[in-house]
Amino acid sequence: MNKSFEHITEENLIKNWIQFLKIQARLCFKKDISFMNRLGLKEWDHPILDFGCGAGAYSYLLSGHFPQSKIVATDINDDLLKKL
């Protein structure tokens, strides 16, 4: 069976990838915060650097959980960073 993927645009791929990253961040975040709490990091007021942040979904969750911290998010993919 021959299927054409001409209808798939780069913009749609980026949108789908961002949705995937948001879901992934939400799935991991609760366990990560639980682990941070066990390490005594309940109240973190130092800068946080997120290398490879993608579209910033995880950085966004961190900023809500640690509002007193400055979050610096960086990624090599400019297209994803433009969506922040």
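Does Met-36 count as buried or exposed, and at what relative accessibility? In this predicted model, Met-36 has a relative accessibility of 18%, and because buried means under 20%, this residue counts as buried.

## Overall architecture

The protein contains 3 helices and 2 strands, and these elements follow one another along the sequence in the pattern α-β-α-β-α. The radius of gyration is 16 Å, well over the 12 Å that the globule rule gives for 84 residues, so the protein is more spread out than a compact globule. Taken along the principal axes, the box filled by the C-alpha atoms is roughly 55 × 25 × 15 Å.

Of the contacts between residues at least 6 apart in sequence, 59% join residues that are at least 24 apart.

## Surface and charge

Of the 84 residues, 24% count as buried, while the accessible surface of the protein comes to about 6,700 Å², with 58% of that area belonging to carbon and sulfur atoms. The side chains include 11 that are positive and 10 that are negative, and the centres of these two sets lie 9 Å apart.

## Surroundings of Met-36

Met-36 is placed in helix H1, which spans residues 10-38. When its neighbours within four places in sequence are left aside, Met-36 is in contact with Leu-41, Lys-42, Tyr-58, Leu-62 and Phe-66. Of these partners, Leu-62 is one of the buried residues of helix H2 (residues 57-65), where Ala-57 and Ser-59 are buried as well.

The buried residues of H2 pack against helix H1, and they also pack against two strands, E1 (48-51) and E2 (71-74).

## Nonpolar cores

The largest nonpolar core has 6 residues, and Met-36 belongs to this core together with Phe-29, Ile-33, Ile-48, Leu-62 and Phe-66. Helix H1 supplies the largest share of the core, with 3 residues. Another member, Ile-33, is in contact with His-65 and Phe-66 once its neighbours within four places in sequence are left aside. Phe-66 is thus a contact partner of Ile-33 and also of Met-36.

Apart from this core lies another one, of 5 residues, which includes Ile-14, Leu-21, Ala-55 and Leu-80.

Technical notes: Residues numbered from 1 in each chain as written. Predicted model: local features only at pLDDT ≥ 70, side-chain atom pairs only at ≥ 80, totals over all residues. Heavy atoms only, no water. Helix = DSSP H or I, 4+ residues; strand = E, 2+ residues; numbered from the N terminus. Rg over C-alpha atoms; globule rule 2.2 N^0.38 Å. Buried < 20%, exposed > 50% of the residue type's maximum accessible area, 1.4 Å probe, protein only. Contact = heavy atoms within 4.5 Å. Areas by Shrake-Rupley, 256 points an atom, 1.4 Å probe, with all protein chains shown as cover. Lys, Arg positive; Asp, Glu negative; His and termini not counted. Charge placed at Lys NZ, Arg CZ, Asp CG, Glu CD. Core = buried A, V, L, I, M, F, W, Y, C linked by side-chain atoms within 4.5 Å.
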